[in-house]
Amino acid sequence: MRVPLIAEPAPAAPPPPDTAPVTTLAAVHTALPPHRYPQDRLTEPIGDLCLAPGADRALFRRLHASAGVRTRHLALPIERYAALRDFRESNEAWLTAGLDLTERALTTALAQAGLAPADVDLLVCASITGVAAPSLDARLAGRIGLRPDVKRLPVFGLGCVAGAAGIARVHDYLRGHPGGTAVLLTVELCSLTLQKGDDSRANLVAGALFGDGAAALVARAAATGTGAEPAAGPSVVATRSHLHPGTEHLLGWDVGAGGFRVVIDPAVPVLVRRELGAQVRGFLAEHGLDTGDIGAWVCHPGGPKVLDAVTDALALPDDALTPSRRSLAAVGNLSSASVLHILQGFTEAHRPEPGTWGLVLAMGPGFCTELVLLRW
């Protein structure tokens, strides 16, 4: 009996090479309002806004002295804040100042990257300190010469995490658009959310900690293996988002007739110490890395207690978060613009050596964490 021959299976084809574009952060620039004040010059005027006449200011003064802030920039001269009557006037001030700052930040960043406004394919614009429809990015488009077909994504609600999350979402877009250019634009005028006559600890902490500013980041994509590399800068290797269930009450806004009343729960540093270490180490391990391999920490400066909690959770050297503490001292907590302000330092005066790993790390309402792995 003849046994039929059985053909050997064909060898499996090798996997196709990774042809996803490489996202490079080509430029980043921060624009700050012209009204700059030493911290000690703001303590009493902000106290006049928040505290009842004759109130004991001892705690308030201690908060200002221990906030880790030396100077801040405000959207308006400090004497103008007492005249703001309601949320409408504060929001109008946000729109006017915000447009000027975002124009400066975006046009400067594009020039640094060797690009023009018409080169932008996607504009992601994040802010949590004001609202407008048409959105701020739509109003900005004609003002600076963006193309009529530019893709726009206005984002509200991410707060302090939006700088890191914005980089991640821009990266997601560019992976599918070789040769594309995307911009992340953030503007936070935190001083305009300060609540008059509110002596809650959260409002007093905000009055001691937050500053105003805008920042723009230009990212470009080039297909691997084409030889067409974008402008020099760190590349995005990977990203990770994480929501902490049951923590929505820790951070955000309580929106009322007076506008945005800040919510900052004292338990935030406790949560960071408890959970951040496992998140970061797990993320890095997926890429064969540990915290000791990171040479550039771009950590949102939520405040001295949050920075201490991050240092403890990750067992970092004392100087690892110096760039974050330096940013906090110079401009205060800029919410979503802070990590871009810190990243600007790594692209200019303190540029890492080629091959250096970096990690962008930020936290925000949700409560959530966003991680972006970079390599220079």
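Helices (H or I, at least four residues) and strands (E, at least two) are DSSP runs, numbered from the N terminus. The model in these exercises is predicted.

**Exercise 1. Two unusual peptide bonds**

Find which residues a cis peptide bond joins, and place Pro-134 and Phe-367 in the chain.

Solution.
- Step 1. Start with the background: most peptide bonds are trans.
- Step 2. Look at Ala-133 and Pro-134. A cis peptide bond joins them, with omega at about 5°.
- Step 3. Place Pro-134. It sits in the loop between strand 4 (122-126) and helix 4 (136-144).
- Step 4. Go to Gly-366 and Phe-367. Their bond is also cis, and omega is about -15°.
- Step 5. Place Phe-367. Its loop runs between strand 12 (357-364) and strand 13 (368-375).

**Exercise 2. Positive phi outside glycine**

Take Ala-315 and Ser-335. Give phi for each, then decide: buried or exposed?

Solution.
- Step 1. Recall that most residues other than glycine have a negative phi.
- Step 2. Read Ala-315. Phi is positive, about 50°, although Ala-315 is not a glycine.
- Step 3. Find Ala-315 in the loop between helix 8 and helix 9.
- Step 4. Apply the cut-off for exposed, over 50%. Ala-315 has 59% relative accessibility, so it counts as exposed.
- Step 5. Read Ser-335. Its phi is positive too, near 55°.
- Step 6. Find Ser-335 in the loop between helix 9 and helix 10.
- Step 7. Apply the cut-off for buried, under 20%. Ser-335 has a relative accessible area of 4%, so it is buried.

**Exercise 3. Helix 8 against helix 9**

Describe how helix 8 and helix 9 pack, and list the residues that meet.

Solution.
- Step 1. Two numbers are needed: the angle between the axes and the distance between them.
- Step 2. Helix 8 covers residues 304-314 and helix 9 covers residues 322-331. Their angle is about 180°, and the axes are 11 Å apart.
- Step 3. Name the arrangement. Angles over 145 degrees count as roughly antiparallel, so helix 8 is roughly antiparallel to helix 9.
- Step 4. List the contact. Helix 8 brings Pro-304, Leu-307, Asp-308 and Thr-311; helix 9 brings Ser-324, Arg-325 and Leu-328.
- Step 5. Sort by class. This contact of helix 8 with helix 9 has three nonpolar, two polar and two charged residues.

**Exercise 4. Helix 5 against helix 10**

Do the same for helix 5 and helix 10, then work out how many residues of helix 10 are buried.

Solution.
- Step 1. Helix 5 spans residues 162-175 and helix 10 spans residues 338-347. Their axes come within 7 Å and cross at roughly 75°.
- Step 2. The range from 65 to 115 degrees counts as roughly perpendicular. Helix 5 is therefore roughly perpendicular to helix 10.
- Step 3. List the contact. Gly-163, Ala-164 and Ile-167 of helix 5 meet Val-339, Leu-340 and Leu-343 of helix 10.
- Step 4. Sort by class. The contact of helix 5 with helix 10 holds five nonpolar residues, one polar and no charged.
- Step 5. Check burial. Eight of the 10 residues of helix 10 are buried, so the helix is largely enclosed by the rest of the structure. Among them are Val-339, Leu-340, His-341 and Phe-346.

**Exercise 5. An aromatic pair**

Classify the pair of Phe-87 and Phe-260, and say which parts it ties together.

Solution.
- Step 1. Count first: the structure holds four aromatic pairs.
- Step 2. Check the distance. The ring centres of Phe-87 and Phe-260 lie 5.3 Å apart, and rings pair if their centres lie within 6.5 Å.
- Step 3. Check the angle. The planes stand at 70°, so the pair is edge-to-face. The cut-off is over 60 degrees.
- Step 4. Place the rings. Phe-87 is in helix 3 (residues 87-112) and Phe-260 in strand 10 (residues 259-264), so the pair ties together parts 173 residues apart in sequence.
- Step 5. Add exposure. Phe-87 is partly exposed at 25% relative accessible area, whereas Phe-260 is buried at 7%.
- Step 6. Widen the view. Ring pairs link Phe-87, Phe-156, Trp-253 and Phe-260 into a cluster.

**Exercise 6. A proline in a loop**

Locate Pro-33 and name residues that it touches.

Solution.
- Step 1. Pro-33 lies in the loop between strand 1 (22-31) and strand 2 (35-38).
- Step 2. Its relative accessibility is 4%, so Pro-33 counts as buried.
- Step 3. Beyond four places away in sequence, Pro-33 touches residues including His-73, Leu-101 and Asp-212.

Definitions and conventions
Residues numbered from 1 in each chain as written. Predicted model: local features only at pLDDT ≥ 70, side-chain atom pairs only at ≥ 80, totals over all residues. Heavy atoms only, no water. Axes fitted to C-alpha atoms, helices over the stretch in contact; angles between N-to-C directions. Parallel < 35°, antiparallel > 145°, perpendicular 65-115°, else oblique. Contact = heavy atoms within 4.5 Å. Nonpolar A, V, L, I, M, F, W, Y, C, P; charged D, E, K, R; others polar. Phe/Tyr/Trp six-rings, centres within 6.5 Å; stacked < 30°, edge-to-face > 60°. Buried < 20%, exposed > 50% of the residue type's maximum accessible area, 1.4 Å probe, protein only.
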